Amino acid sequence: MSNFKIENIQLGNVIIDKEYSLSGNQVSYKHSDSNVNINVKALSNIRKMSSLKDNISETSKIMTNYHTDLFKLRKNCYTNLSKVELNGSVLETPIYNHTGVTGRTSITQGFNFLTLKKEKRKNIKPIDKTNCLIEVDFKSCEPFFYLKSKNIDVDCDDIYLWLCNKYQIKITNRDYVKRGILSMIYGANEKTISRIMKIPPSKVIKIKEDLGILELKTHLQSEYDKHGYFFNYYGRPITSDNNLVNYYIQSSAVDYCSFAFVNFCKIYNVNPSYFIHDSMTFQCKKDRLESILKIKGITDPFSNIDIPIEFNVLHE
């Protein structure tokens with residue numbers, strides 16, 4: 001193991017002056033009585049380094065309070081899950097992986113709820129028969145998160161209807177409208193969106209400008225060109241520019257869901273069983289079901305963003 005002294009490196013809002021330890025590809029240091037570990041090899045595409053010390057210093061530059069505080073909270077959301085059964089067999093607790101480019105989770109061990117067909121989920125039951133099993137899902141999570149993160153006031157729980165009313169778009173086919181709006185915030189060109197939504201390209205450009213999509217893309221491209229990475233809303237670094245706006249929104253929304261679900265479980269004292277992207281399936285006592293179903297939205301305390309939700313009772 002080798003030690004390196006790195007001086008005056010910015011870590012979130014804190015200037016650090018610490019000794020780093022290098023063992024193989026793993027760099028570690030002490031922060032707030034916690035060990036922070038970074039895989040240098042996994043981050044080597046950020047910038048070509050002339051020396052190992054430069055590599056450690058560059059890695060430190062992309063460290064934010066996301067790594068030291070928020071990510072730990074996010075991961076905790078996916079642990080200590082309450083067991084469930086399917087067709088009489090207790091399912092193995094899933095182990096979630098968070099290392100994808102955008103942070104979108106996958107399951108590396110245990111029962112893979114992500115690949116279970118939707119109709120079979122209805123047969124999942126809690127082991128404790130005094131509990132009910134409920135799925136909570138955000139309504140249009142990514143577009144809602146993006147607009148609210150830009151301080152755009154959406155005064156209803158149907159974001160597609162809101163956009164159509166605001167820009168006088170006739171809804172002849174809701175699926176086409178939804179597809180077009182999602183394509184818009186994910187960087188599709190005006191011609192494609194115009195064809196999907198049956199609106200003129202000039203209106204597409206107007207909507208993109210109003211929603212700040214073009215400005216966001218320019219900013220992200222500038223950050224990536226300068227540094228080889230950019231940060232999502234919460235400070236998670238993204239090291240790919242395959243689709244800048246898409247990656248920014250998807251990564252930010254994934255974090256939002258995790259933090260919001262942590263807050264939901266804490267406030268309402270419920271136990272998560274498994275997660276499927278933007279949804280969480282949890283357990284609570286049967287006598288609390290009626291009050292739980294009255295909840296209309298969930299808030300992430302870090303962003304203070306509230307997004308409408310819908311429930312699906314899987315077992316009561």
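Guide: A salt bridge is counted here where a side-chain nitrogen of Lys or Arg lies within 4 Å of a carboxyl oxygen of Asp or Glu. The model is a predicted one.

Visitor: How many salt bridges does this rule give?

Guide: Each of them has to meet the 4 Å limit. The pair of arginine 121 and glutamate 135 does, with N to O at 3.7 Å. By the rule, the count of salt bridges is nine.

Visitor: Which parts of the chain does the salt bridge between arginine 121 and glutamate 135 link?

Guide: The two residues are 14 apart, and the pair joins distant parts of the chain. Arginine 121 belongs to helix 3 (residues 118-121), and glutamate 135 to a strand. The linked parts are therefore helix 3 and strand 10.

Visitor: Is glutamate 135 buried or exposed?

Guide: A residue counts as buried under 20% relative accessible area. Its partner arginine 121, at 15%, is on the buried side of that limit. Glutamate 135 has a relative accessible area of 12%, so the class is buried.

Visitor: In which strand does the residue opposite aspartate 137 stand?

Guide: Strand 10 covers residues 131-138 and is joined by six bridges to an antiparallel strand, residues 305-315. Aspartate 137 has glutamate 310 opposite it, and glutamate 310 is in strand 16.

Visitor: Which strands stand at the edges of the sheet?

Guide: Five strands form this open sheet, with antiparallel pairing and the order 13-14-10-16-15. An edge strand has a single partner, so one of its sides is left without a neighbour in the sheet. That describes strand 13 (271-276) and strand 15 (297-300).

Visitor: By what angle are neighbouring strands of the sheet turned against each other on average, and which helix packs on the sheet?

Guide: With direction ignored, the average turn between neighbouring strands is 35°. The packing helix covers residues 141-149 and touches strand 10 and strand 16. The direction of this helix makes about 160° with that of strand 16. The two items asked for are 35° and helix 4.

Visitor: Where does aspartate 158, the partner of arginine 174, lie?

Guide: The side chains of these two residues meet in a salt bridge of 3.1 Å, N to O. Arginine 174 is partly exposed at 41% relative accessible area and sits in helix 6 (residues 174-185). Aspartate 158 is 16 residues away, in the loop between helix 4 and helix 5.

Visitor: Which helix holds both aspartate 210 and lysine 206?

Guide: The side chains of this pair meet in a salt bridge of 3.3 Å, N to O. Aspartate 210 is partly exposed at 36% relative accessibility, and lysine 206 is partly exposed at 42%. The residues are four apart, about one turn of the helix, and both lie in helix 8.

Visitor: What is the volume of the second largest pocket?

Guide: Its lining has 17 residues, with Phe138, Lys139, Ser140, Tyr160 and Lys178 nearest the centre. Strand 10, helix 4, helix 5 and helix 6 each give two or more residues to the lining. The space in this second largest pocket is about 330 Å³.

Visitor: What is the volume of the largest cavity?

Guide: A search of the whole structure gives two cavities of 30 Å³ or more. The largest cavity has a lining made of Tyr78, Arg104, Thr105, Val254, Cys257, Ser258, His277 and Asp278. The volume of the largest cavity is about 60 Å³.

Methods. Residues numbered from 1 in each chain as written. Predicted model: local features only at pLDDT ≥ 70, side-chain atom pairs only at ≥ 80, totals over all residues. Heavy atoms only, no water. Pairing = 2+ DSSP bridges. Axes fitted to C-alpha atoms, helices over the stretch in contact; angles between N-to-C directions. Contact = heavy atoms within 4.5 Å. Buried < 20%, exposed > 50% of the residue type's maximum accessible area, 1.4 Å probe, protein only. 1 Å grid on protein atoms, 1.4 Å probe; cavity = no way out; pocket = protein on both sides within 12 Å on 5 of 7 lines; lining within 4 Å. Points joined across faces, edges and corners; volume = space filled by probe spheres on them.
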